[in-house]
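Reader: Hello! Could you take me on a close look at one part of this model, the pairing of two neighbouring helices, and then at how other parts are packed?

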Amino acid sequence: VYKRQPLTVFGQPSLWYDEPAAEWLEALPVGNGRLGAMVFGRAEKERIQLNEDSLWAGSPIERDRKGAYEHLPEIRRLLFAGKYVEAEALVEREIMGERIYPRGYQTLGDLWIESDPALNLSAYRRELDLDTGIARTEFRNGATQFEREVFSSAPAQALVVRFSGNQPGAISTRVRLDRVVDATSSAAGDTLILRGRATHDGEHPGVRFEARARAIVEGGSVEAQGDALAVRGADALTIILVAATDYRGEQALADLSGRLDRLAERSYADLRQEHVEDHRRLFRRVSLDLGGADQRDKPTDERLRAMREGSADPDLIATYFQYGRYLLMGSSRPGSLPANLQGLWSHHIEAPWNVDYHININVQMNYWPAEVTNLAELHE
């Protein structure tokens with residue numbers, strides 16, 4: 001039973017809720033353009049679903065038609081003669097590439113962080129702070145207050161997770177990576193490794209992928225147990241996750257271990273500050289105040305329900321506007337692939353519409369906010 005009793009006033013604008021996500025669509029997204037996650041905010045068995053923007057099944061297909069240019073004069077003659085049906089047929093026969101059926105964009109997998117059962121849970125709150133790009137969960141279990149933060153850093157190109165409590169030695173968890181198909185997971189020392197190759201039912205092989213997660217404890221201990229890491233009696237736990245596929249070359253996979261080693265040498269405070277500064281450089285270019293800030297003490301789902309029933313809530317409209325900018329920032333950055341049908345976030349192996357690129361309208365819709373909300377470089 002989750003009792004609403006907020007402990008702190010969070011940063012605004014934000015989305016906040018007084019219970020964990022019951023399903024994927026209720027989880028909170030973080031992203032750096034290339035690496036994304038959906039944060040459920042569960043007290044006992046936290047699920048952080050992962051995405052990497054180039055994780056696709058299937059392979060490149062050559063679609064060029066050799067000698068197509070030779071037919072252009074005849075096509076033009078037919079068009080100017082008003083013979084549109086004949087011209088179209090010639091275009092389809094001699095110029096159009098073979099129609100392909102793209103394979104799907106897929107989830108990278110899940111990061112699970114399992115804690116001791118919550119015996120007396122209260123004061124629960126989970127929040128997505130749009131101004132910092134951090135998903136935060138806090139609650140009390142008995143006399144201990146727990147705080148968790150998750151963000152996807154563009155400068156570090158890593159997902160960063162932080163668990164802490166206000167009592168010494170309060171953090172004891174089991175951490176693991178998994179994926180429902182096409183992957184193997186292992187643990188060694190303080191590091192988890194997930195490797196695989198994207199397919200559709202074992203066919204249509206696509207990219208090879210790898211994720212590595214390092215568990216860094218303050219106090220307490222961490223050790224490998226099977227394919228998981230056991231953390232015992234820590235004052236705080238920081239998890240740094242990096243991931244890549246061979247879409248950008250084999251070296252991207254080879255570099256993961258060294259990248260993780262370098263990031264693990266930095267403090268959580270340093271990684272967090274760097275991320276927030278980078279995020280705000282884009283996010284704070286635009287502010288929107290429509291009034292009605294006195295509604296912010298209500299959970300976002302309650303405010304949305306009230307609006308659907310006819311209540312006015314201009315501040316929620318302003319938050320929705322900023323959420324659109326936030327989602328574009330999270331799913332499209334210079335150097336990343338474009339935002340797909342779900343931006344960056346998908347928990348499927350075989351998703352509706354393959355979560356691919358539809359250039360008749362959907363790509364345009366994703367990027368409508370880029371120029372008009374001062375995020376121009378995100379459409380590069």
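Author: Happily; here is the helix pair, followed by another helix and the nonpolar cores. This is a predicted model, in which local features need pLDDT of at least 70 and side-chain atom pairs count only at pLDDT 80 or more, while totals for chains, interfaces and linings use all residues. Residues are numbered from 1 along each chain as its sequence is written, and side-chain values use heavy atoms, with hydrogens and water left out.

Let's begin with helix α6 (residues 300-308) and helix α7 (residues 314-331), whose axes come within 10 Å and cross at roughly 115°. Helices here are DSSP runs of H or I with at least four residues, strands are E runs of at least two, and both are numbered from the N terminus. The axes are lines fitted to C-alpha atoms, for helices over the stretch in contact, and angles run from 0 to 180 degrees between N-to-C directions. On the α6 side, T300, R303, L304 and M307 meet D315, L316 and I317 of α7, where contact means heavy atoms within 4.5 Å. The residues of this contact divide into four nonpolar, one polar and two charged (Ala, Val, Leu, Ile, Met, Phe, Trp, Tyr, Cys and Pro count as nonpolar, Asp, Glu, Lys and Arg as charged, and the others, Gly among them, as polar).

R303 in α6 is buried, with a relative accessible area of 5%; buried means under 20%, exposed over 50% and partly exposed in between, with a 1.4 Å probe and protein chains only. Beyond its neighbours within four places in sequence, R303 is in contact with Q295, R296, K298, D313, D315 and L316. Over in α7 sits L327, partly exposed at 26% relative accessible area. Leaving aside neighbours within four places, L327 touches P29 and W345; L327 and W345 are 18 residues apart in sequence and 9.9 Å apart in space, C-alpha to C-alpha.

Now for helix α4 (residues 256-264), where the buried residues are L256, R259, L260 and L263. They lie on the same side of α4, because they cover an arc of only 95° around the axis, taken from the directions from the helix axis to the C-beta atoms. Their cover includes β9 (158-165), β16 (236-245) and α5 (268-283).

Finally, the largest nonpolar core has 56 residues, and I48, L50, L111, L128, L159, V161 and L177 touch the most other members. Such a core is a set of buried Ala, Val, Leu, Ile, Met, Phe, Trp, Tyr and Cys residues joined through side-chain atoms within 4.5 Å. Apart from it lies another core, of 15 residues, including F151, A156, L253 and L263.
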